Amino acid sequence: MSVPQDLFYAKTHEWVSLENGIATVGITDFAQSQLSDLTFVELPEVGVTFEAGDEAAVVESVKAAADVYAPVGGEVVEVNGELEDAPELINNDSFGKGWIFKIKVADESQVDDMMDADSYEELCPSE
Amino acid sequence: MNAWSVQFNEPVPYQEGLDLQRRLLKARQEDRIPDTVLMLQHTPTVTLGNRGRANYLLKSEEEYKALGIDLFHVERGGDVTFHGPGQWVMYPILYLGGNEADSHGYLSNLEEIAIRTLGDYGIKGFRREGKSGAWTDVGKIAAIGFRLKKWVSFHGMSFNVSNDLMGFGTIVPCGLEGEPVATVKTILGEECPDLPSVRDSMLNHFSTVCNRELERFDADGDLPAELKSLF
């Protein structure tokens, strides 16, 4: 299972990359593997504002649905529209093309509360 | 790992069961209770999952009402299904986001519980590629649909024991046209085991497959204090 070193992680299995005050958010490889083949992604609307921990999106496979939480607070500035037609991007490339939404972060220090790759890896099952 | 199960002897109205699941979900997310499995039957109900399409309902809302069948749109994965007395419904409220998560995945574990339970009664159950649930030569016996919130599961699996299949005749089960639904009774007839026996079998297999030792409670009996306030 891959866990890129340069990202921040939430206990609820989201990842964040932070650049120029914009946080890109997706779900981890572990999360997608537990949900199996995704068939639908419910994206947030651009312009809505989330607090850290708010329900922001829903990912669904044939028999499962799981909430995706905003790991940091702020305004949604972009969503990955490609997921509407190709939710499998999350299965195939969860840390890349499978990103879900971008948030203009209200307070960058919020990522300090998130885990680094090593701590996150300890949370996940060891194969 | 230790977990609790709570069983109901009388059919529970769908809304009541859903409200209870939501209270347990919240308590589990906040770590106020351990993983907890509900085992119950519902009064006659048709439910549509998140992506459930209304054209799989073969009756109007009024007709369902006239038949005494409740109709619900629910937040679980999966399509359309029917619940009624004689069918066990297993709602595991489990934290699946930690390092105890099973790499086979939760969906596969639920299927395994159903297949092993069928095996206890000499019935060959199997998976079908691309279709979830547990199947037999004469039709589908177990249907699955669940939701994760903060990586705690709710909703779950239904398993047909001796329920009247009339209810399934009012829908296209799971949106699978031309796929028959069966019960244990369809296969075993008079030899069909009683409901408590099947319930115990399912809970035993839950323990093994999901690797959780169960401390079992009766909904009408003495419950642990942490649960009592939620029932």
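These legends accompany close-up views of a predicted two-chain model, with chains A and B.

The model is predicted, and local features need pLDDT of at least 70, side-chain atom pairs count only at pLDDT 80 or more, and totals for chains, interfaces and linings use all residues. Residues are numbered from 1 along each chain as its sequence is written, chains are lettered from A and ligands numbered from 1 in the order in which they are written, and side-chain values use heavy atoms, with hydrogens and water left out.

**View 1. A salt bridge joins Asp67(A) to Arg147(B).**
Here the side chains of Asp67(A) and Arg147(B) come together at 2.9 Å, N to O. This pair crosses between chains, running from strand β7 (residues 64-69) of chain A to strand β9 (residues 139-149) of chain B. Strands (E, at least two residues) and helices (H or I, at least four) are DSSP runs, numbered from the N terminus. A salt bridge is counted when a side-chain nitrogen of Lys or Arg lies within 4 Å of a carboxyl oxygen of Asp or Glu. Are the two partners buried or exposed? Asp67(A) is buried, at a relative accessible area of 5%, and Arg147(B) is buried at 5% as well. For these labels, buried means under 20% relative accessible area, exposed over 50%, and partly exposed in between (1.4 Å probe, protein chains only). Zoom out a little and you will find Asp67(A) and Arg147(B) in a network of salt bridges with Glu55(A) and Lys149(B). Over all chains, the search of the whole structure finds 17 salt bridges.

**View 2. Lys102(A) pairs with Glu78(A) within chain A.**
The closest N and O atoms of this salt bridge are 3.9 Å apart. Lys102(A) sits in strand β9 of chain A and Glu78(A) in strand β8 (residues 74-79), so the pair links distant parts of the chain, 24 residues apart. Lys102(A) is partly exposed, with 21% relative accessible area, and Glu78(A) is partly exposed too, at 38%.

**View 3. Arg28(B) and Asp31(B) form a salt bridge in chain B.**
Their side chains meet at 2.9 Å, N to O. What is the accessibility of each partner? Arg28(B) is buried, with a relative accessible area of 11%, whereas Asp31(B) is exposed at 60%. As general background, side chains of opposite charge can pair when their charged atoms come close.

**View 4. Four acidic residues of chain A make up a negative surface patch.**
The members are Asp107(A), Glu108(A), Asp112(A) and Asp113(A). Patch residues have over 30% relative accessible area and no salt bridge, with like charges joined within 9 Å and nonpolar side chains (Val, Leu, Ile, Met, Phe, Trp, Tyr) within 5 Å. Look for Asp113(A) in the loop between β9 (101-105) and α4 (117-123) of chain A. Asp113(A) is exposed, at a relative accessible area of 70%.

**View 5. Cys124(A) has no disulfide partner.**
Why is there no bond at Cys124(A)? The closest cysteine sulfur, in Cys210(B), is 19 Å from the sulfur of Cys124(A), which is too far for a bond. A disulfide is taken as a pair of cysteine sulfur atoms within 2.5 Å, and by this rule the count is zero over all chains. Cys124(A) is buried, with 3% relative accessible area. Another cysteine, Cys192(B), is buried at 18%.

**View 6. Ser36(A) and His155(B) have positive phi values.**
Most residues other than glycine have a negative phi. Ser36(A), which is not a glycine, has a positive phi of about 60°. The place of Ser36(A) is the loop between α1 (29-35) and β4 (38-42) of chain A, where Ser36(A) is partly exposed at 35% relative accessible area. For His155(B), phi is near 60°. His155(B) belongs to strand β10 (residues 152-160) of chain B and is buried, at 1% relative accessibility.

**View 7. Two C-alpha pairs in chain B show separations along the chain and in space.**
Leu58(B) and Thr170(B) are 112 residues apart along the chain, with their C-alpha atoms separated by 5.2 Å. Leu58(B) lies in the loop between β3 (45-48) and α2 (61-67) of chain B and is partly exposed, at 48% relative accessible area. For Val6(B) and Phe168(B), 162 residues apart along the chain, the C-alpha separation is 27 Å. Val6(B) is part of strand β1 (residues 2-7) of chain B and is buried, at 1% relative accessibility.

Technical notes:
Areas by Shrake-Rupley, 256 points an atom, 1.4 Å probe, with all protein chains shown as cover. Charge placed at Lys NZ, Arg CZ, Asp CG, Glu CD.
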